[in-house]
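The following exercises ask for careful reading of a protein model. Each task is followed by a worked solution that proceeds step by step.

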Amino acid sequence: MQILNTVPDVRVVVKEWRLAGESIAFVPTMGNLHAGHIDLVNKAKVLADRVVVSIFVNPTQFGVGEDFSTYPRTEQADQEKLSTVGADAVFLPSVSDVYDPDAATVITVSGISERYCGAFRPGHFSGVATVVCKLFNIVQPDKALFGLKDFQQLTVIKTMVRDLNIPVQIIPVETVREANGLALSSRNGYLTESEKLVAPELYKVLCAAKAAVIAGRQSFEEIEQQFVKNLVQFGFKPDYLSICRSQDLNPASDNDTELVILVAAKLGSTRLIDNVYFSKGV
Ligand code: AMP
């Protein structure tokens, strides 16, 4: 596995692969790799001749008071995992490799970036869109894989790719969960032992909310309110639980059939996000 630290390093390797007629799949991450990330890499390997994984804790997507400085950085272990799974290259840039000190360009996917997580993390999705666009320009992949766990992020990126005609195919990948339903996340490592016992309730509440939507006896608003209360009873501090149209994340109305329920809630000091998407039928 090649270790690439700078943009010119990536350019050289990508050029060689391109000259050999090889296709490239890309998996952007912030490191502290778990089985969810590894699943993305395994899927990428099936889809292209070469797989590039980036590990970059992107400062511009963290807000003031968020966990940028404490975000788990486990580069050595990450590299070993990627080498074992057979990634062809890992891109590990420093902040100054990615951002020019005089950088003046920011990408904002308006509308969707301000809702749900965006309302609680102002500027977060601009940071994500900007760094992902830059990484696409650096790696120039044919395909890029993103987890459905970050459903809103995936929608922001799909919208950006559509709007800016970026020549990359976005491949969504199912959420990898613990046996108890908890979605794997680098931030789960922040949970205390007692919080770990409660955390799986987040997904159970989502599944119960989904069942309530399918049963169709209450309005979406009533369901949202009921399950927010439910989360509070378990000890979460919910930011939101919202029933949305899965295609564009607009609030769902009764006629919509393709739905996703998005949730974000704090457990102690750890902010967890998750979702369930489904077809309601008519
Ligand atoms: P992160 O390192 O948290 O920025 O995540 C990097 C990529 O891994 C993103 O596309 C995430 O959506 C994806 N990812 C994170 N957790 C999971 C999971 N539990 N299952 C599948 N993909 C995931």
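**Exercise 1. Determine which kind of contact joins the side chains of arginine 50 and glutamate 22, and where in the chain the two residues lie.**

Solution. Step 1: In this predicted model, the N to O distance between the side chains of arginine 50 and glutamate 22 is 3.0 Å. Step 2: A salt bridge requires a side-chain nitrogen of Lys or Arg within 4 Å of a carboxyl oxygen of Asp or Glu, so the pair qualifies. Side chains of opposite charge can pair when their charged atoms come close. Step 3: Arginine 50 belongs to strand E3 (residues 50–55), whereas glutamate 22 sits in the loop between helix H1 (7–19) and strand E2 (24–29). The pair links distant parts of the chain, the two residues being 28 residues apart. Step 4: By this rule, the count of salt bridges comes to 13.

**Exercise 2. Describe how domain 1 and domain 2 are placed and how they meet.**

Solution. Step 1: The domain assignment places residues 2–173 in domain 1 and residues 186–277 in domain 2. Their C-alpha centres are 26 Å apart. Step 2: Domain 1 contributes 21 residues to the contact, and domain 2 contributes 20 residues. Step 3: Together the domains bury about 1,700 Å², with 56% of this area on carbon and sulfur atoms. On the side of domain 1, Tyr116, Phe120 and Phe151 provide 37% of the area buried against domain 2, more than any other three residues.

**Exercise 3. Identify the polar links across the interface of domain 1 and domain 2, and the elements of domain 1 that take part.**

Solution. Step 1: The rule finds 1 salt bridge across this interface, and 9 residue pairs in polar contact. Step 2: Helix H5 (117–120) and helix H7 (151–163) are the elements that give two or more residues to the side of domain 1 touching domain 2. H7 gives the most, with 3 residues. Step 3: Sorted by class, this side of domain 1 has 9 nonpolar, 7 polar and 5 charged residues.

**Exercise 4. Which residues come nearest to the ligand, and which ligand atom does valine 176 approach with a polar backbone atom?**

Solution. Step 1: There are 15 residues around the ligand, and His37, Gly147, Asp150, Val176 and Leu184 come nearest. Step 2: The side chain of histidine 37 has an N or O atom 2.9 Å from an oxygen atom of the ligand. Step 3: Aspartate 150 places a polar side-chain atom 2.6 Å from a ligand oxygen atom. Step 4: For valine 176, a polar backbone atom lies 2.8 Å from a nitrogen atom of the ligand.

How values were computed
Residues are numbered from 1 along each chain as its sequence is written. This is a predicted model: local features need pLDDT of at least 70, side-chain atom pairs count only at pLDDT 80 or more; totals for chains, interfaces and linings use all residues. Side-chain values use heavy atoms; hydrogens and water are left out. Domain bounds come from an automatic or database domain assignment. Contact means heavy atoms within 4.5 Å. Buried area is the accessible area (1.4 Å probe) that two parts lose on being put together, summed over both. A polar contact is a pair of N or O atoms within 3.5 Å; within protein, one must be able to donate a hydrogen and the other to accept it, and residues adjacent in sequence count only if both atoms are side-chain atoms. Helices (H or I, at least four residues) and strands (E, at least two) are DSSP runs, numbered from the N terminus. Ala, Val, Leu, Ile, Met, Phe, Trp, Tyr, Cys and Pro count as nonpolar, Asp, Glu, Lys and Arg as charged, and the others, Gly among them, as polar. A residue is near a molecule or strand if one of its heavy atoms lies within 4 Å of it.
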